[in-house]
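Here is a short report on one structure. Look at the model first, then read on.

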Amino acid sequence: MQSISPETIYRGSSAWEESLPQITNLTKSPLVLGRGAHTNSLRNKIFVDLKNQNLNVNSAKLQFDCCYEDISRVKNIILKNKNDSVIAAGGGKVLDSGKYIADCLNIPCITVPLSASTCAGWTALSNIYTKSGQFIKDFALGSCPKILVYDHKFIQTAPKRTLASGVADALAKWYESSITSTTIDDGLVQQAIQISRVLRDQLLINGEKAFKDEFENNPSWQNTIEACGLTAGLVGGIGGEKCRTAAAHAIHNAITQIITPNKFLHGEIVGVGLLLQLRLEEMKNNNKLADQSIKQLLLLMKELNLPTTIAQLGINVFENNNLEKIAEFTCRDKSEIHFLPFEIHKRDIIKVIANFEQQKIKT
Ligand SMILES: [Zn+2]
């Protein structure tokens, strides 16, 4: 069974208003789930608009990342309230939690992304973390959300940093799926990879302009937010599990194991993982184009103020055995790193990261 996309997608500057009649038909007692203080007023608007439709609305707030502690607490709130749907309004961690909880309780989930930071509003996957943000695992859900509301007015209010993070995460789709899946003889997977190539090209063309000039009437901004929040999800939906993540996400998952005072966004860490993946390809697969790709990506990443080293993520890999810990987690049995078409050992990861970080210190 493959769930390619949400059943209904509303997109554009009045997506939320347009979605209200269908939401009102679908649910009588939704729970609005959110998290951060900066999205409070938007969640409040969502809450009031639903109340005005005569729905019996409740709300709940996550305290941490998408973790089992928050999930079981919110599940109990829903059971107590007898809510018949979850409306997850926020960034990737909120969307993943909402989808997971709805899936467990067998009620519909409506995703309302409040930034373009990930494609979590679209996908049938939830990433589970610990309370302190360490990656545990990907969890495959029964289906994509029932309704996805991609309201440009909402997304426009998000911090710029979330857009940059979304761009890095969406760029990784091409570099990860193309290396893991080109040998797969499945037309649909091949088509998904080609969509991810066009997605990358559009981000390279529009990304910088979108970041500098974030306005509803800026076509680059519109294309970029939809590329990050919609197309990236579509690639995963069509490609399915064969169109997999590879080293960039495996390295992301490993970096999250090191707890730092300042937390970084998913795509910010994936971006660094992507540069490291390309160095691995150069070293282990003799890929001559990898260096070219790194130079091309670095130009855009610098314009978008994205971190480009692990040091810029607040981690000194040469302290506290961090390099060893990252390499160990990256190469663990269940890691996506093993989807690469060549063998990877801990010593390869250590070598690539040490060279990369040392080189960056010098330059
Ligand atoms: Zn991602």
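The text below covers the metal site and then the salt bridges.

This is a predicted model.

**The zinc site**

The zinc ion is coordinated by two OD atoms of D169, by NE2 of H249 and by NE2 of H266, at 2.1 to 2.8 Å. Along the chain, these donors follow the spacing D-x79-H-x16-H. D169 sits in helix α6 (residues 160–181) and H249 in helix α9 (residues 247–255), so the pair ties together parts that are 80 residues apart in sequence. Both D169 and H249 are buried. The angles between the four donor atoms run from 51 to 144°, which makes the arrangement irregular.

**Salt bridges**

The model holds 22 salt bridges. Three of them are listed here.

| Acidic residue | Basic residue | Closest N and O atoms |
|---|---|---|
| D65 | K263 | 2.6 Å |
| D201 | R197 | 3.5 Å |
| E282 | R279 | 2.7 Å |

D65 and K263 form a salt bridge that links distant parts of the chain, 198 residues apart. D65 is in the loop between β3 (58–61) and α3 (68–81), while K263 is in the loop between α9 and α10 (266–285). D65 counts as buried, at 2% relative accessibility. K263 is partly exposed, at 44%.

R197 and D201 both lie in helix α7 (residues 187–212), four residues apart, about one turn of the helix. R197 is partly exposed at 30% relative accessibility, and D201 is partly exposed at 26%.

E282 and R279 are three residues apart in helix α10, so about one helical turn separates them. E282 is partly exposed, with a relative accessible area of 29%. R279 counts as buried at 18% relative accessibility. Elsewhere, salt bridges that share partners join E17, K45, D49, D151 and K153 into one network.

Conventions:
Residues numbered from 1 in each chain as written. Predicted model: local features only at pLDDT ≥ 70, side-chain atom pairs only at ≥ 80, totals over all residues. Heavy atoms only, no water. Donors = N, O, S within 2.8 Å, 3.2 Å for Na, K, Ca; no water. Tetrahedral: all angles 85-135°; square planar, octahedral: opposite > 155°, others 65-115°. Helix = DSSP H or I, 4+ residues; strand = E, 2+ residues; numbered from the N terminus. Buried < 20%, exposed > 50% of the residue type's maximum accessible area, 1.4 Å probe, protein only. Salt bridge = Lys/Arg side-chain N within 4 Å of Asp/Glu carboxyl O.
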